[in-house]
Amino acid sequence: MEPGRELPSIYDPGKVESKWYSKWEENGYFKPTLDPQRQPFSMVIPPPNVTGSLHLGHALNNTLQDILARWRRMQGYDTLWLPGTDHAGIATQARVEENLAREGLTKYDLGREQFLERVWDWKNTYGSRIITQLKMLGCSCDWSRERFTMDEGCSAAVREVFVRLYEKGLIYRGDYIINWCPKCHTTISDIEVEHTETRGNLWYIKYPVEGMGEAIVVATTRPETMLGDTGVAVHPADERYRHLVGKRAILPILGRRIPIFADEYVDREFGTGAVKVTPAHDPNDFEMGLRHNLEQVKVIDEDARMTGAAGPYRGMDRYECRKKLVEDLREQGFLLRVEEHEHAVGHCYRCDTVIEPTVSKQWFVRMKPLAEPAIQAVVEGKIRFVPPRFTRIYLNWMENIRDWCISRQLWWGHRIPVWYCQDCGHENCAQEVPSTCSRCGANNLVQDPDVLDTWFSSALWPFSTMGWPETTRDLQRFYPTSVLVTGRDIIFFWGARMIFSGLEFLKEVPFYDVLIHGLILDGLGRKMSKSLGNGIDPIEVIEKFGADTLRFSLITGSTPGNDIRFNWDKVENTRNFANKIWNAARFVMMNLKDYEPISVGEEDFTLADRWILSRLQQKIEEVTELLEKYDLGEAARTVYDFIWDEFCDWYIELVKPRLYGRGQERDRRVAQNVLRQVLLVQMRLLHPFMPFVTEEIYQHLPDIEASIMVDRWPEKDERLIWLEAVEEMKDIMAVIRAVRNLRSEFNIAPGAKIKTVVYASQPRKAKVLEMGAGYIRQMAGVEELTVTSSPPRHGEQVVSASLGDVEIFVPLEGVVDKGKEIARLQKELAKVETELKKINSKLDNQEFLSKAPLAVIDKERGRKREMDLKREGLARRLLVLSGK
């Protein structure tokens, strides 16, 4: 592309973005150089589900990472951003099973091997969709290193880790209370359970005490589980029940004799202070059952139906059983009362089914020994959370961690590398398929049917993707990684597990910093969901507005750790910003047709030149510091403000007379050189945030590198900072704004040339404003300007504005038709009074205040404040014009 060529009149993001992404890839700009002289910077992408398509959460997360990657690359770091996808066990298997169901088939009709072939076919057909979409977003990952959690290398790493943990006694198989999803038909870990507050009931049930002629009353939110009760617990210090400890209660309906015992776990304030204990269907009851050697009676099966142990309710759905059981309890006199009660109910994060705690034989990772070094690493500052408040959250979770259930009753995933000897019962754990039993030598071996939790392989992602357990060049150069960028919702799913895995197997933390971002909410602050119909497809936004617009609208206003509200106004504003940049660049290009680089000294620069160059150096420093602190949203806003306000609205306007030949030729050449320099540096500052439009503009500038991607990140040049110029322009610009405001307030026509008197009580400031008189005349439409340090006298009606030690006076004679303006203001004031009357009527209406949504009421209050201010301004202007 020929530098200096004019830009097209309209920016077309579709054409520009696909063109530049292809060229970046072709030229290998996303790959690290492996130059030992360069400091490495590395990140691993949080692997999106292979089943998935890009959603706004992905778009935000990957925009943050891409900003960091592009910025560090421009700083000269040897940058690796390693991409890949996750096999997503439950989600992918569910998707393929749905497709089979349309053919009238189930996975059992195909059998395991054939079913897995179907899943691989599905993955190979649809698995690249999200990668294509990440490329549309502009992600500068090294795609030549793309990984998949079930590729050969990652699978080998998973087996290595399992076997090593098993041999250390940190993986075991046992009966334990787990979370069971009756729809997905698998266990899910504690952190995969989403708890939602639900309005339900608290049933108070009388359990007769054997041989005492009295009953002990328990309260429960799940009466159907009482059929599995094997005890009643009270607090040891509760005087009400001390005489019953050691006695037996009779379980209503089934007549089972169960012990009454004391346990410190019991909350004396909840219900009656006596709790039914169901070890097979409640995690806390399970622990109490172990302490008191209680029987585990399973009354709800894997389909959420009642088992044979439920007696007359066998085969019923759990909620059907609840209804019938409550009727029977009432009829037989065991139901004392029912109260409304709000409590947290656990749902499967994948399908939203209410989970069923149940006892099952599963595989677990013993967490305490692994958690301790992971806690220590954070306490010692080896890993830093941004924002820091998440450090405490992480530590609390790790300090109270339970053993991790890692087995899933699925077919798609990493199959557990354990084979059971059918002759002697021995467990054979091995990385490769064993031919004989290691204990008895028999060859009658059957592999465990379960697969590992998806997060087991994801926990190894920072090092398995770099070739571990082999000692590879990538692992030696790029591990530990520099930063992990992750949503606050998966710190424990993923972040914590990577930390203890890295420390256990490489004896080093997997990353030094953890940048945590919030969730994306809709404009009303609600989570985006299918049920609410408020989801936004980022690809539609990209196709309509461009990737740069989506990226910048997501990042501006964001702060680490906090949720972000998505609204279309921000998208429109960002599109307008892109157009503003484009039009400013077009103006510059049109005035650089005969550009020649020249040697420029300080004496060649005008005040406006020294001001814009100084402000540019200050912004370079600010933006760099903000990026170093991971305050990417504020960094983006800083660049935005500088480009829109200081460069486009001020400097370009100030420089026009020099470009249009109203001065000397050398002055025009200086203006060209400053314009090119400022635009070029701005594009480099903006590039990590808006890579496509900046590259397109960059390529039209003279004297550039092959790509903005390989140009250097700007560094502050102290030689180009004149602090006095910044202060002087600040004073001049304040006067210009004040005159503009007076023109607007009193409806002075934009083309009308006005007289203005500027009184500065300090001679020094008067001198500065006199020096800037040309700028004031040009930018405020002033024909006759007087700057004085002596108090002026006015023989005609004037309007004024005060800036502390500077006052501005604008005579109205000849520029405003007072009669017409007073009539206009009176008419506008009457409209405002009418509108205020309507608003006040609403806000004084108690029925409106009690029934209207809070957002609607807040909107009306905001309108009232706006109208009150408008009324005050109109009244003030009428007073001035009336001469009162």
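Q: What makes Arg222, Glu224, Arg318, Arg322 and Glu356 a network?
A: These residues are linked by salt bridges, a salt bridge being a side-chain nitrogen of Lys or Arg within 4 Å of a carboxyl oxygen of Asp or Glu. The structure is a predicted model, in which local features need pLDDT of at least 70 and side-chain atom pairs count only at pLDDT 80 or more, whereas totals for chains, interfaces and linings use all residues. Residues are numbered from 1 along each chain as its sequence is written, and side-chain values use heavy atoms, with hydrogens and water left out.

Q: Why is arginine 222 called buried?
A: Its relative accessibility is 19%, and buried means under 20% relative accessible area, with exposed meaning over 50% and partly exposed lying in between (1.4 Å probe, protein chains only), so arginine 222 counts as buried. Arginine 222 sits in the loop between strand E8 (215-220) and strand E9 (231-234), where strands are DSSP runs of at least two residues (E) and helices are runs of at least four (H or I), numbered from the N terminus.

Q: How do you know that arginine 222 makes a polar contact with glutamate 356?
A: The two side chains come to 2.7 Å, and a polar contact is a pair of N or O atoms within 3.5 Å, one able to donate a hydrogen and the other to accept it within protein, while residues adjacent in sequence count only if both atoms are side-chain atoms; the pair therefore qualifies. Leaving aside residues up to four places away in sequence, arginine 222 also touches Lys276, His281, Ile300, Arg322 and Pro357 among others, a contact meaning heavy atoms within 4.5 Å.

Q: What makes arginine 199 and glutamate 342 a salt bridge that links distant parts of the chain?
A: Their side chains meet at 3.6 Å, N to O, which satisfies the salt-bridge definition. Arginine 199 belongs to strand E7 (residues 193-208) and glutamate 342 to strand E13 (residues 335-348), so that the partners are 143 residues apart. Arginine 199, at 58% relative accessibility, counts as exposed, whereas glutamate 342, at 45%, is partly exposed.

Q: Why is aspartate 238 called buried and its partner arginine 240 partly exposed?
A: Aspartate 238 has a relative accessible area of 6% and is therefore buried, while the 44% of arginine 240 makes that residue partly exposed. Arginine 240 forms a salt bridge with aspartate 238, the closest N and O atoms being 2.7 Å apart.

Q: How do you know that arginine 871 and glutamate 833 tie together separate parts of the sequence?
A: The closest N and O atoms of their salt bridge are 3.4 Å apart. Arginine 871 is in helix H28 and glutamate 833 in helix H26 (residues 818-843), so the pair joins parts that are 38 residues apart in sequence. Both residues are partly exposed, arginine 871 at 31% and glutamate 833 at 35%.

Q: What makes alanine 855 exposed?
A: Alanine 855 has a relative accessible area of 52%, and therefore counts as exposed. Alanine 855 is placed in helix H28 (residues 854-882).

Q: How many residues of the whole protein are buried, as a percentage, and how many salt bridges does the structure hold?
A: Buried residues make up 56% of the 884 residues, and the structure holds 62 salt bridges. The secondary structure comes to 28 helices and 29 strands.
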